[in-house]
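Visitor: Could you take me through one part of this protein up close? I'd like to see how a single helix sits among its neighbours, and then how that ties in with the rest.

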Amino acid sequence: MKHSIQLTVNGTPQKVEVESRLLLVHLLRENLRLTGTHIGCDTSHCGACTVLLDGEPVKSCTLLAVQAEGAQITTVEGLEKDNHLHPVQEGFWEKHGLQCGYCTPGMMLTGCALLARNKSPTEGEIREAISGNLCRCTGYVNIVKAIQYAAEKLRAQ
Ligand code: FES
Ligand code: FES
C-alpha cells in the first residue's frame, strides 16, 4: 500500500509516494538520491545513517518514511550554505576528523545537533553526544577536535 507524504528535506519541500514499509534512509538515498546518508549496519548501532529530524539527530534506518510526514529533515548535503562549508564540516577538514569517511556524515549531523543546544560542550559532552556514532578508523580523537573547532568557530560568529 502506498502513502502520499510531504516533508521538507534540506529546505526543499518534497511530496512523495512511499510504501508503508519504506525506511527513511531508503527514501533519502533511493527516492531522493541523497546518498551522503550512509547505511553501516542492520542493527541500529552504527549511526552512519544519522540525519536531523526537526533538529534532533535520528537514525534514519530506524524510522519509517511515513513517520517523517511534515518533518524538516537535514542531511549532510544540506549543511553547506552558499558554497561555504558548515563550521562542523570545516572542523573535520581542518582537524583531519576522518579517514575512510563512512561515519562522517552521521558524525557531522550529531555534532551539529550538539552545538545547536550547547555552544561550549566539554570533551566529555562531545564524546557522550557521539556515543551512538561508531567510527572504525580514527580512534575518535580528531573527531572530538573537529567538533571543538566548530564550537569555537560558531561562538565567534
Ligand atoms: S545504518 Fe547503522 S544505525 Fe542506521
Ligand atoms: S572514518 Fe572510517 S569509520 Fe569513521
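Guide: Here's a walk around helix H2, with a stop at the sheet afterwards. Keep in mind that this is a predicted model.

Let's start on the helix itself. H2 covers residues 87-94, and glutamine 89 has its place there. Is glutamine 89 buried or exposed? Its relative accessibility is 11%, so glutamine 89 counts as buried, the cut-off being under 20%. Leaving aside residues up to four places away in sequence, glutamine 89 touches Val76, Leu79, Glu80 and Met108.

Met108 is a handy lead to the next helix, because Met108 also turns up in the contact between H2 and H3. On the H2 side of that contact you'll find Val88, Gln89 and Phe92. Across from them, H3 brings in Thr104, Met107, Met108, Gly111, Cys112 and Leu115. Sorted by class, the contact of H2 with H3 comes out at 6 nonpolar and 3 polar residues, with no charged ones. As for the geometry, the axes of H2 and H3 come within 9 Å and cross at roughly 125°. That angle makes H2 oblique to H3, and the crossing is right-handed.

Now for the other partner, helix H5, which spans residues 141-156. The H2 and H5 axes come within 8 Å, crossing at roughly 135°. These two helices are therefore oblique to each other, and H2 and H5 cross in a right-handed way. From H2, the residues that meet H5 are Pro87, Val88, Glu90, Gly91, Phe92 and Glu94. H5 answers with Ile143, Ala146, Ile147, Tyr149, Ala150, Lys153 and Leu154. By class, that contact of H2 with H5 has 9 nonpolar residues, 1 polar and 3 charged. Val88 and Phe92 are worth picking out on your screen: Val88 and Phe92 meet residues of H5, and Val88 and Phe92 also meet residues of H3.

Follow the chain on from H2 and you come to histidine 96, in the loop between H2 and H3. Histidine 96 has a phi near 55°, a positive value in a residue other than glycine. With a relative accessibility of 58%, histidine 96 counts as exposed.

H3 is also the way over to the sheet. The sheet is an open one of 5 strands in the order E2-E1-E5-E3-E4, with mixed pairing. Its edge strands are E2 (12-19) and E4 (56-59), each pairing on one side only. From one strand to the next, the twist averages 40°. Helix H3 (residues 104-117) packs on this sheet, touching E3 (50-53), E4 and E5 (72-74). The direction of H3 makes about 35° with that of E3.

Over at the E2 edge, E1 (residues 2-9) and E2 run antiparallel, joined by 8 bridges. One pair to look for there is lysine 2, which stands opposite glutamate 19 in E2. The loop between E1 and E2 holds asparagine 10. Asparagine 10 also has a positive phi, near 50°, in a residue other than glycine. At a relative accessible area of 25%, asparagine 10 is partly exposed.

To pull the tour together: H2 meets H5, H2 meets H3 as well, and H3 in turn packs on the sheet.

Terms used
Residues numbered from 1 in each chain as written. Chains lettered and ligands numbered in written order. Predicted model: local features only at pLDDT ≥ 70, side-chain atom pairs only at ≥ 80, totals over all residues. Heavy atoms only, no water. Pairing = 2+ DSSP bridges. Helix = DSSP H or I, 4+ residues; strand = E, 2+ residues; numbered from the N terminus. Axes fitted to C-alpha atoms, helices over the stretch in contact; angles between N-to-C directions. Contact = heavy atoms within 4.5 Å. Buried < 20%, exposed > 50% of the residue type's maximum accessible area, 1.4 Å probe, protein only. Parallel < 35°, antiparallel > 145°, perpendicular 65-115°, else oblique. Left-handed = near helix turned anticlockwise from the far one by under 90°. Nonpolar A, V, L, I, M, F, W, Y, C, P; charged D, E, K, R; others polar.
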